[in-house]
Amino acid sequence: MAEAHLRVGDLHAQYGESRILHGMNFTVHRGEVVTLLGRNGAGKTTTLRAIMGLVARKSGSVVFEGRELLGRLPEAVARAGIAWCPEERAIFSGLTVQENLMLPPVVRPGGMSIQEILTLFPNLAQRMKSPGTKLSGGEQQMLAIGRILRTGAQLLLLDEPSEGLAPVIIEQIGLTIQKLKARGISILLVEQNVRFATGVADRHYVVEHGEVVDTFSSTEVDNKSAQLSAYLSV
Ligand code: ATP
């Protein structure tokens with residue numbers, strides 16, 4: 001089997017003395033969409049933050065394109081070709097859409113042009129001069145994803161992109177994820193919306209208490225639905 005694009009092995013992480021990840025293991029192959037599913041507080045966001053180098057106390061391994069990244073600074077992880085789209089979207093409210101799009105540096109050849117990004121998200125084309133504060137939640141999410149596509153990143157970490165959005169916008173984000181996958185971009189998606197996750201992703205890892213406790217492909221979802229409800233119920 002081909003070497004994984006991202007291989008996370010025995011990843012432990014803690015905030016101060018509070019241990020959150022207890023040995024996460026999973027892989028993402030090139031051009032694959034993989035989800036981390038699990039209840040609030042399971043450790044999904046912490047996993048993305050640890051991959052990005054944003055958690056100080058951690059151990060294990062994060063191998064991307066054959067290189068160990070654990071212990072590297074966030075900017076080095078970004079330069080290696082991983083981009084993070086946080087749940088809160090982090091749009092700069094004082095900057096226009098255009099300025100937000102231009103902000104992240106291009107780290108790899110092959111990033112999308114502004115024109116390509118606007119083709120993917122036509123709603124943003126009408127909003128280029130609008131300040132970030134004036135955007136709807138859906139537009140903010142599109143800008144947050146569009147912004148990282150310019151960088152040329154080959155692995156996108158998307159934290160709950162469907163959260164709080166109308167079904168029609170969620171559908172548009174799902175279609176965008178499929179288009180990115182078709183370009184060979186790999187996506188690690190944190191989600192609680194199982195319907196959205198199973199519609200867009202190839203494989204899933206269920207996270208509980210900072211560990212992967214189950215894994216299945218989207219084609220197995222129908223057989224797993226009772227188990228999945230149990231995993232995700234509060
Ligand atoms: P959610 O959807 O609620 O974000 P999650 O699975 O992404 O869920 P995390 O955000 O990774 O979960 O949080 C895991 C645990 O770590 C939670 O108990 C949370 O309270 C704790 N935690 C998160 N960030 C910090 C922090 N900066 N300092 C201390 N504890 C934190």
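**Exercise 1. Which residue's side chain does serine 186 join in a polar contact of 2.6 Å?**

Solution. The partner is histidine 5: its side chain and that of serine 186 form a polar contact of 2.6 Å. A polar contact is a pair of N or O atoms within 3.5 Å; within protein, one must be able to donate a hydrogen and the other to accept it, and residues adjacent in sequence count only if both atoms are side-chain atoms.

A note on the source: this is a predicted model, where local features need pLDDT of at least 70, side-chain atom pairs count only at pLDDT 80 or more, and totals for chains, interfaces and linings use all residues. Residues are numbered from 1 along each chain as its sequence is written, and side-chain values use heavy atoms, with hydrogens and water left out.

**Exercise 2. Place serine 186 in the fold and describe its surroundings.**

Solution.
- Step 1, the element. Serine 186 belongs to strand β8, residues 186-191. Helices (H or I, at least four residues) and strands (E, at least two) are DSSP runs, numbered from the N terminus.
- Step 2, the burial. Serine 186 has a relative accessible area of 0% and is buried. Buried means under 20% relative accessible area, exposed over 50%, and partly exposed in between (1.4 Å probe, protein chains only).
- Step 3, the neighbours. Leaving out residues up to four places away in sequence, serine 186 touches His5, Val28, His29, Arg30, Gly31, Glu32, Gln154, Leu155 and Leu156. Contact means heavy atoms within 4.5 Å.

**Exercise 3. Work out the shell around the ligand.**

Solution.
- Step 1, the members. Tyr15, Ile20, Arg39, Asn40, Gly41, Ala42, Gly43, Lys44, Thr45, Thr46, Glu160 and Gln192 surround the ligand. Each has a heavy atom within 4 Å of it.
- Step 2, the classes. The shell holds 3 nonpolar, 6 polar and 3 charged residues. Ala, Val, Leu, Ile, Met, Phe, Trp, Tyr, Cys and Pro count as nonpolar, Asp, Glu, Lys and Arg as charged, and the others, Gly among them, as polar.
- Step 3, the main contributor. Helix α1 (residues 44-51) gives the most, with 3 residues.
- Step 4, the polar pairs. A polar backbone atom of glycine 43 is 2.9 Å from a ligand oxygen. Glutamate 160 places a polar side-chain atom 3.2 Å from an oxygen of the ligand. Glutamine 192 also has a polar side-chain atom 3.2 Å from a ligand oxygen.
- Step 5, the cover. On its own the ligand has 630 Å² of accessible area, and the protein covers 58% of that. Accessible areas come from the Shrake-Rupley method with a 1.4 Å probe; for residues, only the protein chains shown count as cover.

**Exercise 4. Examine the positive phi values of alanine 90 and glutamate 160.**

Solution.
- Step 1, the background. Most residues other than glycine have a negative phi.
- Step 2, alanine 90. Its phi is near 50 degrees. Alanine 90 sits in the loop between β6 (82-85) and α3 (97-102). At 36% relative accessible area, alanine 90 is partly exposed.
- Step 3, glutamate 160. Its phi is near 45 degrees. The loop between β7 (155-159) and α7 (167-182) holds glutamate 160. Its relative accessibility is 8%, so glutamate 160 counts as buried.

**Exercise 5. Summarise the chain as a whole.**

Solution.
- Step 1, the elements. The chain has 9 helices and 10 strands.
- Step 2, the burial. Of its 234 residues, 53% are buried.
- Step 3, the surface. About 10500 Å² is exposed, 53% of it from carbon and sulfur atoms.
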